[in-house]
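Open the model in your viewer and keep the selection tool at hand. We will go from stop to stop, selecting a few residues each time.

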Amino acid sequence: MNQHYQHKEIEAKWQEYWERERIFRVTEDPNLPKYYLLEMFPYPSGRIHMGHVRNYSIGDVIARYKRMKGFNVLHPMGWDAFGLPAENAAIAHKSHPAKWTASNIDYMRGQLKRMGYSYDWHRELATCLPDYYRWEQQFFLQMYEKGLVYKKLSPVNWCPSCQTVLANEQVEEGLCWRCSSVVEPRAMESWFFRITAYADELLKFTDQLPGWPEKVLMMQRNWIGKSQGMEIKFPLKGLGESLTVFTTRVDTIFGATFVSISPEHPLVDIIRQHCPNPETLQIFVENFKKSHRVQQRGQAEPEKEGIFCGCYVLNPMTQEYIPVYLANFVLMGYGTGAVMAVPTHDQRDFEFARKYNIPLRVVIQPTDGALQAETMTEAYVDDGNLVNSGQFSGLTSPQAREAIADFMEKAEIGCRKVNYRLRDWGISRQRFWGAPIPIVYCDACGTVPEQAERLPIVLPTHTAFPEDGHSPLPSIAEFVNTDCPACGKPAKRETDTLDTFVESSWYFARYTSPRLTNAAFDEKAVNYWLPVDQYVGGIEHAVLHLLYARFFNKVLRDLGYLTYDEPFTNLLTQGMVIKDGAKMSKSKGNVVDPNDLLEKYGADTARLFSLFAAPPEKDLDWSEEGVEGSYRFLQRVWRLVNTYAETPMSLRDTKNNKHVAQTFRSATGEAGLKPCATTSSGEKLTAIGNDLIPVQLTPANKQLRCRVHQTIRKVGRDIEDRFHFNTAISAVMELVNTLYQFEPKDDEAYLVLKEALRSVLLLLAPFAPHISEELWRTLGYPASISQQPWPVYDEAIASEDEVTVVIQINGKLRSKINLPKDAGEETIKQSALSDARIREFIQGKPIRKVIVAGGKLVNIVI
């Protein structure tokens, strides 16, 4: 018997076996139900961290479980390999980013393999390779042809540290999502994906994703931000121009007493030229740019500040001239950059008007009161009945919204409009390490898309990187200089590269046929595997990667590549790994290196802890004691199985009428015993899988078998229904504790125990696959446990004819006992007081009272 759990040798042995036997390699099989399990692929930064371990361990449990349930499981891995860190490393080490990236991929692949994840490594891909991004360039050309790609001069978010443009979604509270530098607004010619063309469908389908967390769906709905209202023209007095405003509350227009506009509004320059205080106005604009560089939605608003522009607009409904203010809370990113301000019925306008002594006018009265502008302490923002609104007074708010809209459209002073907060996706990056944009600029032909036959447009393999961080692409003549695809004359290539979020927006589809060279996808493969059945990743990607991937999926569908609407049927967003009260990060000095865990405890321990410490959607608090506890549990399982593996047994072969000497290891169906066999005492046996179980059991053996089947039921339900891996592992731990307390007294008991140990290993296999494989062989089973079916529970056996009663002393758990379901209160009380552990705790101390609660809890007060 090998009592020592040598995790390094065991894990290396089985990882080599899985790879040699290609256990996890899959192909399309129409005879099997498919299951596509995918975790968000990593950026090859150099090393995996505990966030990776948790994410990929969650996914691996699901993949292994589904495989045991009979599914044909696709579980691939690859690398989101373009990105700024590789470029910065190239600058620092005077090398090419491809070399740094490839080296990191090799190292991280080795780390992932040491974790024992069940990836089909044959499907591995890296987005920085031309055989991947050539298809991305083809998609770009097709989108360009369909009008879904365009270039324009526009205000962009510029990160001075990264030396590149950022999409709106990549700016977090005015800072670069990657390096936390303050983002600056700039005007620049940039390429855009017309994601707004799909805004309505993206919004609509958030109601058709029941397998997604509601929090993520709500974040996407808010980011898309659909609003139905009116666009109204307010003529600027004496300037020959109009301010166009968008409002969802046209029923309040008679209460508009000023208009506020963004300091970045295009008409500000014209207004400044005609105002009496142009210098003051310009100072306000400059201060706004400095203090509110790309203010982001969701960020706490600053104190409301404004300045009178010295001009007025005409309210088209009241025919009154009202003042125009620059306001720091009005942004160009939503609506028109101009707001019809109604202080009595909008809280932001109310605060601004009170600060600058702007008049208030009540135009909506609640049904149960009468508002007075002079006495209001806050805006009334709900619907009500219109007052002071001309011919529309007396209407309810919903009635007035329709009636005023009809009037305005007939008078051609406004029109119904649907607005979205969502803006087109800026995809230009002024970096080297990204997919080249397949566009050529010709003096004769202008902007010309590349020909598909000339793809891929490949990045130069040798180049020097400027120390100032600028992309070297514009200075590489062999890359820039080309011939025009249309006329053949000399031309210049586009030197911007694509945003790296483009690569991660379609990689899930490429996994279905990653080695295909003559097309992006194999039609048979994508139709078999897609959509992804379960996607696992962080909620921080809710409006970045996840929204982009949904958009790209719909584009590829409309281009004829795919046939389904949404890429991910189900989404699981795991929590962060927390240590010392903060998310693990190098800057906080609280990082735990997974390599240290692998050396000291092994992959199975690291996996088990990351799955047991918290439900997957919750944050996980790092605990060295928790890791130790997981390791001790695996050692207990190791000792338990090895203790019984060579136990001698005597079974009778009824066919030949003789006793057969057996060990616990060999007492399986493969050993030649048939369902007609008996124990040495003549008890009939029945086959359960490869094991033999007596038909009639003693009460103790029956109770253990009941517990086994209850555990199988619970673990399966916890994985299948809720992904509550922590409670599933806890159930296995409880069963192991039960087995340690079980004292087999005859061959019948050993056979029941054999089934129990077999079940423990099968249930543990998705969580701790290496030790499960080794102990599976220890029990005498020849095949890999990874290829075994999930254990099946018998509902009749699992049905609870007994209940577990928890016994507390002064509120603290001290023991547990099993009693018949129908046991009365007095029986429960006396059984609790008679329990050996309870008698030891009490030791003659006076008992004040005994409380029985619900037949399942006893609290003894001493």
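**Stop 1: the cavities**

Begin inside, at the second largest cavity, which holds about 50 Å³ of space. Keep in mind throughout that this is a predicted model. Which residues line this second largest cavity? Select Phe 24, Arg 64, Arg 67, Met 68, Ala 765, Pro 766, Ile 785 and Ser 786. Colour them by class: five are nonpolar, one is polar and two are charged.

How are such spaces found? Rolling a probe the size of a water molecule over the atoms shows where empty space is left. In this structure there are three cavities of 30 Å³ or more. The largest has a volume of about 110 Å³. Its lining is made of 13 residues. Select the ones nearest its centre: Leu 84, Arg 178, Arg 429, Arg 431 and Thr 500. Two elements give two or more residues to this lining, namely α3 (84-93) and β23 (497-498). Sort the lining of the largest cavity by class and you get three nonpolar, five polar and five charged residues.

**Stop 2: a four-stranded sheet**

Now turn to strands. Strands of a sheet pair through backbone hydrogen bonds, either parallel or antiparallel. Select residues 439-442, strand β19, and residues 446-449, strand β20. Four bridges pair these two strands in the antiparallel sense. A hairpin of three residues takes you from β19 to β20. Which residue of β20 stands opposite Ile 439? Look for Pro 449. Then find Cys 442, which faces Gly 446 in β20.

Add residues 490-493, strand β22. Strand β22 also pairs with β19 in the antiparallel sense, over two bridges. Tyr 441 has Lys 492 in β22 as its bridge partner.

Zoom out to see the open sheet of four strands, in the order β20-β19-β22-β21, with antiparallel pairing. The edges are β20 and β21 (481-483), and each pairs on one side only. On average, neighbouring strands of this sheet are turned by 45° against each other, direction ignored.

**Stop 3: a three-stranded sheet**

Next, show the open sheet that runs β9-β8-β16, again with antiparallel pairing. Strands β9 (242-247) and β16 (414-419) each have a single partner strand, so one side of each is left without a neighbour in the sheet. Here the average turn between neighbouring strands is 30°, direction ignored. Select residues 227-235 for β8: six bridges join this strand to β9. Pick Pro 235, then its bridge partner in β9, Ser 242.

**Stop 4: cysteines**

A disulfide is a covalent bond between the sulfur atoms of two cysteines. How many disulfides does a search of the whole structure find? The count is zero. Select Cys 162 and Cys 179 to see one reason why: the sulfur of Cys 162 has its closest cysteine sulfur in Cys 179, 3.6 Å away, too far for a bond. Now pick Cys 176. The closest cysteine sulfur to its own is also in Cys 179, at 3.8 Å, again too far for a bond. Cys 162 is buried, at 2% relative accessibility. Cys 176 is buried too, with a relative accessible area of 2%.

**Stop 5: a covered helix**

Select residues 603-612, helix α17. Is this helix mostly covered or mostly open? Mostly covered: nine of its ten residues are buried. Among the buried ones are Ala 603, Arg 607 and Phe 609.

**Stop 6: backbone oddities**

Most residues other than glycine have a negative phi, and most peptide bonds are trans. Finish with some exceptions.

- Select Leu 455 and Pro 456: a cis peptide bond joins them, with omega about 5°. Pro 456 sits in the loop between β20 and α12 (477-480).
- Select Leu 530 and Pro 531: the peptide bond between them is cis, with omega near 0°. Pro 531 lies in the loop between α14 (523-529) and β24 (532-538).
- Select Asp 580: phi is near 60°, a positive value. This residue is in the loop between β26 (577-579) and β27 (582-583). Asp 580 is exposed, at 66% relative accessibility.
- Select Phe 723: phi is near 55°, also positive. Look for Phe 723 in the loop between α19 (699-722) and α20 (725-741). Phe 723 is buried, with a relative accessible area of 16%.

Terms used:
Residues are numbered from 1 along each chain as its sequence is written. This is a predicted model: local features need pLDDT of at least 70, side-chain atom pairs count only at pLDDT 80 or more; totals for chains, interfaces and linings use all residues. Side-chain values use heavy atoms; hydrogens and water are left out. Two strands pair if DSSP finds at least two bridges between them. Axes are lines fitted to C-alpha atoms, for helices over the stretch in contact, and angles run from 0 to 180 degrees between N-to-C directions. A disulfide is a pair of cysteine sulfur atoms within 2.5 Å. Buried means under 20% relative accessible area, exposed over 50%, partly exposed in between (1.4 Å probe, protein chains only). On a 1 Å grid over the protein atoms alone, a cavity is a set of points where a 1.4 Å probe fits but cannot get out, and a pocket is an open set with protein on both sides within 12 Å along at least five of seven lines; lining residues have an atom within 4 Å of a point. Grid points are joined across faces, edges and corners, and a volume is the space filled by probe spheres set on the points. Ala, Val, Leu, Ile, Met, Phe, Trp, Tyr, Cys and Pro count as nonpolar, Asp, Glu, Lys and Arg as charged, and the others, Gly among them, as polar.
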